[in-house]
Structure formats: structure tokens, C-alpha cells
Number of protein chains: 2
Amino acid sequence: MKLENPAPIQWHFSQRAQQLQSSVIRDILKVTVNPDIISFAGGLPSPETFPVERMRAAHDAVLSRVGKVALQYGPSDGYAPLREWIAGSLSTSDSTILPEQVLMLSGSQQGLDLIAKVLIDEGSKVLVETPSYLGALQAFSVYRPNFVSVASDDGGMLPEALEGVADGARLLYSLPNFQNPTGRTMPLERRIALVETCARLGLPLIEDNPYGDLSYRGEPLPKMLNMNPHGVIYMGSFSKVLTPGIRLGYVVAPVALIAKLEQAKQAADLHTAQLTQMVVHEVVKDGFLDEHVPTIRKLYADQCQVMLDALQEFFPKSATWTRPAGGMFIWVTLPKHIDSMELLKEAVQQNVAFVPGAPFYANEPAHNTLRLSFVTVPPEKIRQGVATLGKLIASKL
Amino acid sequence: MKLENPAPIQWHFSQRAQQLQSSVIRDILKVTVNPDIISFAGGLPSPETFPVERMRAAHDAVLSRVGKVALQYGPSDGYAPLREWIAGSLSTSDSTILPEQVLMLSGSQQGLDLIAKVLIDEGSKVLVETPSYLGALQAFSVYRPNFVSVASDDGGMLPEALEGVADGARLLYSLPNFQNPTGRTMPLERRIALVETCARLGLPLIEDNPYGDLSYRGEPLPKMLNMNPHGVIYMGSFSKVLTPGIRLGYVVAPVALIAKLEQAKQAADLHTAQLTQMVVHEVVKDGFLDEHVPTIRKLYADQCQVMLDALQEFFPKSATWTRPAGGMFIWVTLPKHIDSMELLKEAVQQNVAFVPGAPFYANEPAHNTLRLSFVTVPPEKIRQGVATLGKLIASKL
């Protein structure tokens, strides 16, 4: 019954499919599975922090107790007790977040796709930080917006820089805590100014917060969500405080937007895995994260310090870098004439990898930048890898 | 720090978001959680068929053995051993499916979204059966195609009806086995003719096959995928043979298309849960489905027969219905003057629910049709519900 020599299909891809490209980061990760390579390229949390036994016990408990419910189709908006827990954890004394403002996602990356799907038309203006999270640029790109990189400094986006460019924009995307890729944090005064400016302009403000709990020194700064629950779209994730491989995140937004996002979610994948949501609720409901997250903070803070010390010791004086107060990344700026994409090719030959900075820029890339992650590399390897990179950079001066 | 009385956002939704509507089926399901209602409306498999203990043991084994890997980020294309298993299970003596043709999905619904994303531009012609699966119409609608309902009969789409309408079409969507919503099956000769016609026209043919294994009498008919692996896009799911709440499906396609779909997958949700894929591989790798699926077939075949007998006994002679050879649905056609949406309102008042047929039509709906599912309702309730419906319909004659 098999056809004999059918002509191969000439695929006619959609215009948006022509925007799609493989992620530079993930393509590099494919190279760095070689165990000899010291990779600062990953965006992966350290598996040392995964509460494996706790997750095993929770799967066991949920499947033993309510297996048939956990394995059946579930509601598109998510598992109600977990949505309640999230709403409670985000509420403050003067700002109550309601469970109906929470939509569960198959990882918070999905929130970027769904938000773009319902808010971006071809050519719509979208405001992003300079540089910005690559995964967000990729997710938004599919819907063919007109990106505007808003002027930013070590504290993130400059609210006053919005005045000239926000007219007609559909959304502003920000990552205020320990940003991917720069590691920088937006100060409190600037958060207030950004929320006020967006509210005045009627501009939806996305607060993407996957790393917020990974503060090295005390509690993270107040969320923009709580400053204006009527205008901020907040995204959270269990990837960095629990485990990423289960793919569980959420978006919090005013109910008018949540209704549209839920419809888009239904069309995209019906609902997020019911078992996963019930297991995570089982794990977090009694305060487990309060004891667990400090152990992650401690590990990452220590490894960050090892890398900062190594940079100080081995990198030439003409390079500069950020000093993160939390999260997983350090951002390095090299002398202008050094292209980090070229540098990567040589570095990989010497068994060290990192992510070049250019892909994180929506518009004019700074080719002399790069991102280093320190969370999955043991301290002695961090020193060794930074020393190798330092020598390589010095040889270009 | 909270803003005082900020103006609420005036949401400016994208044009595609304005297409989005809540699924009629899922909205009805919200009503039918009332345990007094006999619901033939669901598309849910029977939880009696879920191998709960097997799933519990597999989670336990995977998390105990390789927990840190299972809980870490994974590759966008999926867990390699499961992709190999799927490729093997789909290969035949004269048609080899390769693992690199398989992309793992967060449920097969996601395949509909990704395929539409990379193949459909606004106004692109998309060919569908009459009627067709509502979830596919919803997923495709987001990308604003021009749907063409191809003439169909009790054997599904008529290949000869393509001649006039296929010019410039981007894809043809078919569900050949025990179709949702009609329960009908496409005969072998027609499959061959459809594959030949699509190959000649250079038209990508989607074969959506969530129910194929649920054949009541012997093996299902040969897959169109195996008749032309270079031109058929095949979609499969673990929802109906294992459990749906874990959200695991896959798409099989020529590698040129898989590469684009993988990029779209990466932007949409990075990858499908690693733990879920490893657990399902653990469950299926030693032939578990060979013993398990026959128990599902038996249960559904028996309940289908109960409903067919009840329809014969209680429905008026002027109604007709399909006699499925597998799957989960029976499709009823009432006398022309009866609108099943109106009928539903009265039926719900008498504690019986079903899904009206109109939403399953891409173009001109037949308002006198409805879909009945028999798999989650016990036999005595099937008889009782069908009797109630029969009386209600008779009262309209």
C-alpha cells in the first residue's frame, strides 16, 4: 500500500515560521554535553538543589490517594488549590491577589507565548529592556512585533526613557530581579516610577520573575504586581525553586486578560498536567519552600562569589562585569573590539563555553558582551574556566 | 507603595485573540460536574482504565534511579529513548519511521497549534472534514485561516471532492479512525486514494490518530503515515491508551517540517516535561500496552453496545446514528427541524447532557446533530439517559 516514489512535499511555511530560529543558547548546549567542557553557558539550575526524595514521596502520595483524579483531564485554568496557594503567596497586606487571577502554565515560557498571542499583531510595538531575556524575544518574535529596546543601565530600564517611545505600544516586558542575562536588579524607586509611568500611559507591564526568590541577601524587593494589580502581568515559575523538568509556571493578570489567556491556553494544549500541579501543591502547601529556598540561595551565593573572585584575579582590567545580588548570571563587557561570538569558538577549543551577548539584544547588539552562569560548575572548575577565558581575552588586547 | 486608584487598562487584544472563544464542550462540562447529571457530553476517557498503580510504580522507579536527570530541563525534541520507542512502534515492514521524525508534545493538541503556527498565514486555505474535531478548528482558528469543509460521508472525506478545492491549500486535516465527533472510520481504499491525491497535489496531509488503538474488533486499518512518510504529518497521544492528565503526545513528520516545529515548540514552552516522558517510557517499554489496551477496547465496546441498544429502543425512528467500530463517540442526526442546542437546554433541566453538533462544522453547521459519549457512564445510566433524551425528542415530532 506504500506509494512508489512520491514527490517530496515543497513546504510552504507561514511568514511567522520564517522568523523562527533555533536558540543560540540551546544549540551551544548541544555541544557542551561533552563532560570535558567547563560550561558557563547553561541556564540550568543546579541539580544539587532538586528535592528528589520529596518529589518522589509527593508523587507516591498523590497517586496512592487520588490517582484517578490526578491522571484525568483537568480544567484549563489549573488545579484550584494550587492557584489558591499561589494567590495567597503573592498577596500582601495592602494588595490581595485572587485565585481567579492565576492561570497555570506548562512552564512560564508558555506565558510569553500566550501573552504575545493575545496582545501582539504584526508590527505592534513591544518595549523591552536592553539587553533582554532571549526566550522572551524568541516567543514574541513569532508574532512579528516591532521591538523597541528601551534605554537601560545597571538598574534596568529607565522609566523616563519611555516618554518618547511608548505611544501605541502593546506591552512592556521587564525582568526586575537578577535579570537574565545581566544579573542586575531594578531598585525600588525605579520600580515605583515604572509602575506609575505605565499606569499613566495605559501600558500593560509584564513583570517576569523566575529568579526573584534567589536573593543572596535577605528578602527580594517588593513586586510591581503588588503596586498595581490592575495593570501588571506577573509571571512566576517553580523551575528555579523546585525543579524545571516538570514544566510548571503561572501567569497572574487582571481577569479580563486571564479570560483571553485561558482561551488561548485551551487551544494551545488544553491544560497543564493535572498530576504535576497536584504534586507541587502537595510539596509546597506546608511551607517546604521556606526551608528549601535558603539552601539554594546559599549555594548560588557561594558559587557567585567564587566566580567574582576569579574574574577579579584572572580577567584583564579592561573588562567589566556585574555583581549580582541574586540569581544565576554574571554579565561581562569586554573591550569594544572583541567579538564574543568569535571568542566562543576559540574558548570551546580550550574546553570552556559561555553564551555570547548579542542574541539578547532586540535591536543593536553589543558584540563585546557575554553571559556566564556559575550555578552548575564546581568551585575549582569555575576558577579554572575563568582563568582560561581570562588568558584568551588578554591575548586579544 | 501601592498606586492609588490607577486607571484600569483598556486591553487592546490582537486580531487573532478576537477569534478566540471558550470551547462549548468545556463550558458545558463545567455545568455537568453536578453528580445528578447523566453526562454524555464528555470527551474524557474512563478513569476505570487508568493504570494508576503502574504509573505510581514507574514514577517511583524513575525518581529513585535517575531523579536528578528526570527533574532537570530536557531537550526540545524530547526524551530520546521514548522517541525511539514511538518510531519503532509506528514502523512497518515496508516503511521505517526514524526517531528524528518524532517530536514530543505536551499533549497532541499542542501539535495542532504548532502545525498551524508554522504552516498557516492569515487567509490560508485549510481543508477539513465535515464535520471535524472541534479542538482542531479552535487551534487552527487562532491563525485566521480560510476553512474549506470538504464533502464527507459515512467513510469520512471524499478524495474526489478535493479536486476542485485543494488549489493553494496549506494542509488537509483528517481523523480517520473512530472520528471525533462522528465515530466513523475511513475505509482502506479511501485512505489509499486520499494519500495518492494529496501526494499528487503536493498537499500536506495531517493524520490525527488519538483513538486508533481503541478498535473494538481486531487491529485498526493501516495508517496513512506508512503509505507516504514523506507527505503525511501524523499525530499520536498517550491520553486514550494510558492517561490524559499527564499531557503527553507526539507529532511525526518529514524532518524539514520537524525542524521548524521544534523551533516553534522551543519558543512555546521550551520542552515537554522530562519526568513524564521518562515515566511513560518506563511504563510502555516492555509491552505493557499490548496487555492493557485490550481491556480498554472491551470496556468501551460493551458500553457502546449498551448505548446502541438503548438508542434502538428509545429513540424515534426519524433519528439516525452512527455505529462505531471503535473509539468513544456516537453521532446522532435528528429530524431537520430540531435544533440540538435548544434541545440541550431542556435536556440539562432533565439531568442529561450531550454536545450539540454545530460547533464541529467549520462552515455550514447541521444544527440537528449531536455527539454522545458512552465511556464514562455506567450501563444502567446510559439506558436511563438515552430514554430521557428519546422522550424529549419524541415530544418535538
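This briefing walks you through how two protein chains pair up and what fills their interior. Keep in mind that the model is predicted. Chain B can be laid on chain A by a rotation of 180° with 0.0 Å of shift along the axis, leaving an RMSD of 0.0 Å. The two copies are thus related as by a two-fold rotation axis.

**Where the chains meet**

- At the interface, 98 residues of chain B are in contact with 98 residues of chain A.
- The copies meet through the same surface, because 100% of the interface residues of chain B are also interface residues in chain A.
- About 8,400 Å² of area is buried between chain B and chain A, and carbon and sulfur atoms give 61% of that area.
- Charged side chains take part too: there are 6 salt bridges between chain B and chain A.
- Look for a salt bridge between the side chains of Asp113(A) and Lys117(B), where N and O are 2.9 Å apart.

**The nonpolar cores**

- A helpful idea to start with is that nonpolar side chains tend to be buried together in soluble globular proteins.
- Here the largest nonpolar core has 152 residues, and those with the most contacts inside it are Phe40, Phe140 and Tyr173 of chain A and of chain B.
- In chain B, this core lies between domain 1 (21–50 + 290–394) and domain 2 (74–286), because both domains give residues to it.
- Zoom in on Phe140(B): setting aside neighbours within four places in sequence, its contacts include Leu112(B), Ala116(B), Ile120(B), Phe147(B) and Tyr173(B).
- Others on the contact list of Phe140(B) include Val126(B), Pro145(B), Leu171(B) and Ile206(B).
- Another core, of 106 residues, lies apart from the largest one, and among its members are Met55(A), Ala58(A), Tyr250(A) and Leu71(B).

**The cysteines**

- Over all chains, the structure holds 0 disulfides.
- Cys198(B) has a relative accessible area of 2%, so this residue counts as buried, the cut-off being under 20%.
- Cys304(B) is also buried, again with a relative accessible area of 2%.

Terms used:
Residues numbered from 1 in each chain as written. Chains lettered and ligands numbered in written order. Predicted model: local features only at pLDDT ≥ 70, side-chain atom pairs only at ≥ 80, totals over all residues. Heavy atoms only, no water. Least-squares fit on C-alpha atoms with pLDDT ≥ 70 in both. Contact = heavy atoms within 4.5 Å. Core = buried A, V, L, I, M, F, W, Y, C linked by side-chain atoms within 4.5 Å. Buried < 20%, exposed > 50% of the residue type's maximum accessible area, 1.4 Å probe, protein only. Domains from an automatic or database assignment. Disulfide = S-S within 2.5 Å. Buried area = accessible area lost by both parts, 1.4 Å probe. Salt bridge = Lys/Arg side-chain N within 4 Å of Asp/Glu carboxyl O.
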